[in-house]
Amino acid sequence: DLIGAVAFLTRVPMPHPHGASPPNFARAHRAFPLIGAAIGAVVGAVYSILLGLGLPALGAAACALGASALLTGGLHEDGLADVADGFGGGRDKAAKLEIMRDSRLGSYGALALLVSFGAKASALAALPQNAAIAALIAAHALARGILPAMAMSMPYARSDGLAAAAGRPEAATAAIAVGLAVLIAFLALPIGAAVGSVLMAAISAVIIGVLASRQIGGQTGDVLGCAEQVAETAILLLIAASRPGA
């Protein structure tokens with residue numbers, strides 16, 4: 001499950017043992033928060049190194065976010081951009097899904113990426129170094145921890161595509177993912193920030209889920225990627241806004 005989650009969520013090569021049968025990827029969703037926490041720790045380490053080299057906080061945050069995109073291949077950022085383009089520019093469900101499948105970036109998608117990137121960079125720069133690392137670990141874990149629950153509960157907007165190919169996790173798998181994400185948040189953050197971050201992740205999942213249901217009738221891989229980015233950005237902003245003296 002860990003190998004499957006790493007291979008899906010990152011660009012880290014994870015070859016399966018020779019002769020092994022393909023893993024149950026729907027079950028591997030339970031490992032998403034663990035991989036998210038690891039991604040957050042890597043991004044935090046890059047951020048710390050760049051600060052140690054004398055980069056200003058905002059510049060170090062921007063470069064660390066760039067390293068995050070390299071590590072993940074921009075998987076979720078692509079979903080955010082595609083959803084913004086599709087929901088913003090499509091006249092009906094068919095048109096929205098067609099736009100979302102198009103690899104070209106439109107104005108809605110570009111603006112969504114700019115807002116998300118700028119918000120995350122400014123939030124990190126506003127936090128003390130140790131707090132920024134903890135926030136990254138919690139935000140990445142929670143933002144990926146909501147995805148199995150969304151994948152389990154939402155119908156497919158189309159029969160093909162990444163979401164359908166990944167399979168529908170069972171309720172137990174989604175519950176494990178949520179439990180791990182919440183545990184990581186409470187280990188990484190003060191209690192108040194952890195509670196707020198968990199609530200923000202849940203609110204983000206509900207908002208994107210309702211919006212996607214109304215716009216295209218369900219989930220796609222892009223919808224799940226969009227939900228991850230919205231939750232990650234919202235959590236980092238919440239933590240930055242709630243710091244002492246903010």
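The exercises below, each with a worked solution, concern helix packing, salt bridges and burial in a predicted model.

Residues are numbered from 1 along each chain as its sequence is written, and side-chain values use heavy atoms, with hydrogens and water left out. Because the model is predicted, local features need pLDDT of at least 70 and side-chain atom pairs count only at pLDDT 80 or more, while totals for chains, interfaces and linings use all residues.

**Exercise 1. Describe how helix H1 packs on helix H3.**

Step 1. Locate the helices. H1 covers residues 2-9 and H3 covers residues 32-52. Helices here are DSSP runs (H or I, at least four residues), numbered from the N terminus.

Step 2. Choose the quantities. Two packed helices are described by the angle between their axes and the distance between the axes. An axis is a line fitted to C-alpha atoms, for helices over the stretch in contact, and the angle runs from 0 to 180 degrees between N-to-C directions.

Step 3. Read the values. The axes of H1 and H3 come within 9 Å and cross at roughly 55°. That makes H1 oblique to H3. The classes are roughly parallel for angles under 35 degrees, roughly antiparallel for angles over 145, roughly perpendicular for 65 to 115, and oblique for the rest.

Step 4. Give the handedness. H1 passes H3 in a right-handed crossing. In a right-handed crossing the near helix is turned clockwise from the far one by less than a right angle, and in a left-handed crossing anticlockwise.

Step 5. List the residues in contact (heavy atoms within 4.5 Å). H1 contributes Leu-2, Ala-5, Val-6, Phe-8 and Leu-9, and H3 contributes Phe-32, Leu-34, Ile-35 and Ile-39. They divide into nine nonpolar, no polar and no charged residues. Ala, Val, Leu, Ile, Met, Phe, Trp, Tyr, Cys and Pro count as nonpolar, Asp, Glu, Lys and Arg as charged, and the others, Gly among them, as polar.

**Exercise 2. Repeat the description for H4 and H7.**

Step 1. Helix H4 (residues 57-72) packs against H7 at an angle of about 130°, with the axes 8 Å apart. H4 and H7 are therefore oblique to each other.

Step 2. The crossing of H4 and H7 is right-handed.

Step 3. On the H4 side, the contact consists of Ala-57, Leu-58, Ala-61, Ala-62, Leu-65 and Gly-66. On the H7 side, the residues are Phe-117, Lys-120, Ala-121, Ser-122, Leu-124 and Ala-125. The contact of H4 with H7 has nine nonpolar residues, two polar and one charged.

**Exercise 3. How many salt bridges does a search of the whole structure find? Examine three pairs.**

Step 1. Side chains of opposite charge can pair when their charged atoms come close. A salt bridge requires a side-chain nitrogen of Lys or Arg within 4 Å of a carboxyl oxygen of Asp or Glu. The search finds five.

Step 2. Arg-27 and Asp-1 form a salt bridge at 2.9 Å, N to O. Arg-27 lies in helix H2 (residues 25-28) and Asp-1 in the segment before H1, 26 residues apart. Arg-27, at 38% relative accessibility, counts as partly exposed, and Asp-1, at 23%, also counts as partly exposed. Buried means under 20% relative accessible area, exposed over 50%, and partly exposed in between (1.4 Å probe, protein chains only). Asp-1, Arg-27 and Arg-30 are linked in a network of salt bridges.

Step 3. Lys-120 and Glu-232 form a salt bridge at 3.4 Å, N to O. Lys-120 is in helix H7 (residues 107-125) and Glu-232 in helix H13 (residues 221-241), 112 residues apart. Both Lys-120 and Glu-232 are buried.

Step 4. Glu-228 and Arg-144 form a salt bridge at 3.0 Å, N to O. Glu-228 belongs to H13 and Arg-144 to helix H8 (residues 129-145), 84 residues apart. Glu-228 is buried at 0%, and Arg-144 counts as buried at 2% relative accessibility.

**Exercise 4. Is Gly-36 buried or exposed, and which residues is Gly-36 in contact with?**

Step 1. Gly-36 is in helix H3. Its relative accessible area is 0%, so Gly-36 is buried.

Step 2. Leave aside neighbours within four places in sequence; Gly-36 is then in contact with His-140, Ala-141 and Arg-144.

**Exercise 5. Which residues of helix H6 are buried?**

Step 1. In H6 (residues 93-101), the buried residues are Ala-95, Lys-96, Leu-97 and Met-100.

Step 2. Their cover includes helix H5 (75-89), H12 and H13.

Terms used
Helices (H or I, at least four residues) and strands (E, at least two) are DSSP runs, numbered from the N terminus.
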